[in-house]
Amino acid sequence: MSDSGNRADVRPSQHDHCPECGTAVAGQWVSYRQNPDNPATLISHFGGIVTTGPAEPPPPTIPKPSVRDLEYPGDLGVFFHPSCAPRIKLPERTQDEIGKLLAEMIVASYERTIARWARVGQPSPGEGDPPRFRAQVASIQTRRVFTMTRDEWKRVRAHEGRLIELDIERTLADGVASAASAIARLAAECSVHTERIEVWRYSETARPRPETLEDYLVLENFARRLNLPMFLERTSTLDSPSLRKHLRDHVFLVKERPDQGRWEPKTRMHERIVFLKV
Ligand SMILES: [Zn+2]
């Protein structure tokens, strides 16, 4: 183990909110991460007072009534208050046992994904055209951010597990839509998402496999859980009623893992996909 080199840059910013209680993480904190040198190994980081940036109000001292078990992968890479941090069920917290536990969690997650997708029938191309929906997409700091109106998302949701076609336009580079995408991209780092979906790009010749799925975080009505002035500042965005309305009226799907290499959306694309709620 040589995680001491990484330890220095693992610390919450003023934008990090504890996913369990939703308040800022400023004093003591706990964060679990995968060891980049050995992804089957878990590293626990514990830290003290954060001195960078203006402080937010301290978290309430009411202890959480129940602490749950650590979940993979949602609980990795975020900052918890020590009293909110999910529990790692281990008799002794030796590094080897933590590593073994994470390996088991990854395998269990992989098997759950296979079981989930086994229930999805192979869409046959002879069934006629799949229903079509409209979305916009931007690439912001190596992650794709899809935007849909809340009504459109509601219609899409009704087709979970079935083949749909997305009619995708590139988000205009300036203006409210682009600024809102940048805020959603940043907010996705703070565990303010409401759910996670797996997306499979349809192929006539292949079946969905865990390694070909893409995970997206769904941010719906999330702005009220943000310290919005701080997010506006970080994304160099001017506050306006139209921006707030755009954030309220749309759902943002942020790709969980960064794109490898540069990806730029075309002006217009059509993609056939199947998605499942995780
Ligand atoms: Zn908390």
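The chain of this predicted model has an average pLDDT of 83, and 86% of its residues score at least 70. That confidence varies along the chain. Among the elements, helix H3, residues 150–157, has the highest mean pLDDT, at 97. Helix H1, residues 4–7, has the lowest, at 42. The pLDDT is below 50 over residues 1–8, and this stretch has four contacts in the model beyond near neighbours in sequence. A second stretch, residues 51–58, also stays under 50. For residues 51–58 the model has ten contacts beyond four places in sequence.

Turn now to the sheets. Strands of a sheet pair through backbone hydrogen bonds, in a parallel or an antiparallel sense. One sheet here is open and has three strands, in the order S2-S1-S3. Its pairing is antiparallel. Strand S2 (38–47) and strand S3 (79–80) are the edge strands, and each pairs on one side only. Strand S1, residues 29–35, pairs with S2 over seven bridges, in the antiparallel sense. Find Tyr-32 to see one such bridge: its partner in S2 is Ser-44.

The loop between S2 and S3 holds Pro-73. Look at the peptide bond that leads from Tyr-72 into Pro-73: it is cis, with omega near 0 degrees. Most peptide bonds are trans, and most residues other than glycine have a negative phi. The second part of that rule comes up again further along the chain.

The other sheet is a closed barrel. Seven strands make it up, in the order S4-S5-S9-S8-S7-S10-S6, and the pairing is mixed. From one strand to the next, the twist averages 40 degrees.

Strand S4 is a good place to enter the barrel. Which strands does S4 pair with, and in what sense? Strand S4 (residues 132–140) runs parallel to strand S6 (residues 164–170), and six bridges join the two. In this pairing Ala-135 stands opposite Ile-168 of S6. S4 also pairs with strand S5, residues 143–149, but here the strands run antiparallel, joined by five bridges. Ala-138 has Val-145 of S5 as its bridge partner.

S4 and S5 form a hairpin, with two residues between them. Gln-141 lies in the loop of this hairpin, between S4 and S5. Its phi is positive, at about 45 degrees, although Gln-141 is not a glycine.

From S5, step on to strand S9, residues 250–255. Five bridges join S5 to S9, and the two run antiparallel. Phe-146 marks a point on this pairing, where it stands opposite Leu-253 in S9. In a regular strand, side chains alternate between the two faces of the sheet.

Helices come last. Helix H4 (residues 176–187) packs with helix H6 (residues 241–249) at an angle of about 60 degrees. Their axes are 9 Å apart. The angle makes H4 oblique to H6. The crossing of H4 and H6 is right-handed.

Which residues make this contact? From H4 come Val-176, Ala-177, Ala-179, Ala-180 and Ile-183. From H6 come Ser-242, Leu-243, His-246 and Leu-247. By class, the contact of H4 with H6 has seven nonpolar residues, two polar residues and no charged ones.

Technical notes
Residues are numbered from 1 along each chain as its sequence is written. This is a predicted model: local features need pLDDT of at least 70, side-chain atom pairs count only at pLDDT 80 or more; totals for chains, interfaces and linings use all residues. Axes are lines fitted to C-alpha atoms, for helices over the stretch in contact, and angles run from 0 to 180 degrees between N-to-C directions. Helices (H or I, at least four residues) and strands (E, at least two) are DSSP runs, numbered from the N terminus. Angles under 35 degrees count as roughly parallel, over 145 as roughly antiparallel, 65 to 115 as roughly perpendicular and the rest as oblique. A crossing is left-handed if the near helix is turned anticlockwise from the far one by less than a right angle, and right-handed if clockwise. Two residues are in contact if their C-beta atoms, placed from the backbone, lie within 7 Å. Ala, Val, Leu, Ile, Met, Phe, Trp, Tyr, Cys and Pro count as nonpolar, Asp, Glu, Lys and Arg as charged, and the others, Gly among them, as polar. pLDDT is the predictor's confidence in each residue, from 0 to 100. Two strands pair if DSSP finds at least two bridges between them.
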